[in-house]
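Here is a quick walk through one protein model for someone meeting it for the first time. Have a look at the picture, then read on.

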Amino acid sequence: MSGAQRHPDTTFADWNRSDEYHNSFLIPKDAALDGALQFSAEQGLPNISVSTAQGKFLKLVAKSIGAQRVLEVGTLGGYSTIWLAQALPEGGEVVTLELSERNAEIAQANYHNAGVAPKIKVIVGNATDTITTLDPEFDLVFIDADKKNNLNYFTEAKRLVRKGGVIIVDNVVRNGRVSDPSYTDSNIEGIRMLLKALKDDNEVDATTLGTVGEKGYDGFLYAVKL
Ligand SMILES: C[S@@+](CC[C@H](N)C(=O)[O-])C[C@H]1O[C@@H](n2cnc3c(N)ncnc32)[C@H](O)[C@@H]1O
């Protein structure tokens, strides 16, 4: 069999259909999450939240490590926050950092409608500043804001997360462009800077997990604090 037959070209339609197929078995419809996406779209927020399967993955990671305290960098309308909050036990908390006052207000409305508002604290401001005001310890940090500051956020996340805790960074593949030297914008460079720093970082062990689905071709960087 030729390489081309073993790795046939696929399209966004294939990825989208595949996500829908798998989700139909593994992820029951959730009115709270669907409602958050709908309200966010009605309010004009861009469609850049994690996918359904990725949100479920974040929830499963939080559950797997028995997370009680989670930090999120980049709230948007709160879709990923709701997934994370759903994983937490009574008394658990997600702290989420967002630059835009308006996004934070939309997210708060979504948390309220989803019944998870008491578990979530939104801090409005530039996360490069607000993250430095936080105290340890968190079990899980999810980084999904301005990619150019990824290394800043990751360095702070290492300070904040417990040993054995997990740091996940979204959008580190960006359609393969991070590995293509002809792309040099600040977001791509921000991901490269993080990867270069991780090469010699003995405080974490990490891997990139490519993702493909309803949100296109991208990837999570998954790191465990040693
Ligand atoms: C990709 S969206 C987050 C999506 C969200 N995690 C989800 O999956 O539902 C990125 C968010 O980061 C916010 N953001 C960008 N730069 C930021 C900064 N310097 N500090 C805090 N938030 C920032 C944006 O306003 C936007 O709401």
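The largest pocket in this predicted model has a volume of about 790 Å³. Lining it are 42 residues, and those nearest the centre of the pocket are I48, D144, A145, K147 and N171. Which elements give two or more residues to this lining? They are α5 (79–87), β2 (93–98), α9 (186–199) and β7. Strand β7 provides the largest share, with 3 residues.

There's a second largest pocket too, with about 350 Å³ of space. Its lining has 19 residues, and N23, K29, D34, T52 and E214 are the closest to its centre. Here the elements giving two or more residues are α2 (12–26), α3 (31–42) and α5. The largest share, 6 residues, comes from α2.

Here are the two pockets side by side:

| Pocket | Volume | Lining | Nonpolar | Polar | Charged |
|---|---|---|---|---|---|
| Largest pocket | about 790 Å³ | 42 residues | 13 residues | 18 residues | 11 residues |
| Second largest pocket | about 350 Å³ | 19 residues | 7 residues | 5 residues | 7 residues |

Helix α9, one of the elements lining the largest pocket, also holds M193. Is M193 buried, exposed or partly exposed? Its relative accessible area is 43%, which falls between the 20% and 50% cut-offs, so M193 counts as partly exposed. M193 and N150 are 43 residues apart in sequence, and their C-alpha atoms are 8.1 Å apart in space.

Now for the rings. The model has 5 aromatic pairs. One of them joins F57 and F220: the ring centres are 5.7 Å apart and the planes meet at 20°, so this pair is stacked, as the angle is under 30 degrees. The two partners come from distant parts of the chain, with F57 in helix α4 (residues 52–64) and F220 in strand β7 (residues 216–225), 163 residues apart. How accessible are they? F57 has a relative accessible area of 27%, so it is partly exposed, while F220, at 2%, is buried.

F220 has another ring partner, F142. This time the pair is edge-to-face, with 6.3 Å from centre to centre and 80° between the planes. It also links distant parts of the chain: F142 is in strand β4 (residues 138–143) and F220 in strand β7, 78 residues apart. Both F142 and F220 are buried. Put the ring pairs together and F57, F142 and F220 are linked into a cluster.

Strand β7 therefore turns up in two stories: it gives the largest share of the lining of the largest pocket, and it carries F220 of the stacked pair, a pair that is stacked because its planes are at 20°.

Strand β4 (residues 138–143) has another ring to point out, that of F138. The charged end of R69 sits over this ring, 4.2 Å from its centre.

Finally, how confident is the prediction? The protein averages a pLDDT of 96, and 98% of the residues score at least 70. Which elements mark the two ends of the scale? Helix α1 (residues 3–6) has the lowest confidence, at a mean of 62, and strand β1 (residues 69–73) has the highest, at 99. Where pLDDT is low, the predicted coordinates should not be read in detail.

Terms used:
Residues are numbered from 1 along each chain as its sequence is written. This is a predicted model: local features need pLDDT of at least 70, side-chain atom pairs count only at pLDDT 80 or more; totals for chains, interfaces and linings use all residues. Side-chain values use heavy atoms; hydrogens and water are left out. Rings of Phe, Tyr and Trp (its six-membered ring) pair if their centres lie within 6.5 Å; planes under 30 degrees apart count as stacked, over 60 as edge-to-face and the rest as tilted. Helices (H or I, at least four residues) and strands (E, at least two) are DSSP runs, numbered from the N terminus. Buried means under 20% relative accessible area, exposed over 50%, partly exposed in between (1.4 Å probe, protein chains only). A charge sits over a ring if NZ of Lys or CZ of Arg is within 6 Å of the ring centre and within 35 degrees of the ring normal. pLDDT is the predictor's confidence in each residue, from 0 to 100. On a 1 Å grid over the protein atoms alone, a cavity is a set of points where a 1.4 Å probe fits but cannot get out, and a pocket is an open set with protein on both sides within 12 Å along at least five of seven lines; lining residues have an atom within 4 Å of a point. Grid points are joined across faces, edges and corners, and a volume is the space filled by probe spheres set on the points. Ala, Val, Leu, Ile, Met, Phe, Trp, Tyr, Cys and Pro count as nonpolar, Asp, Glu, Lys and Arg as charged, and the others, Gly among them, as polar.
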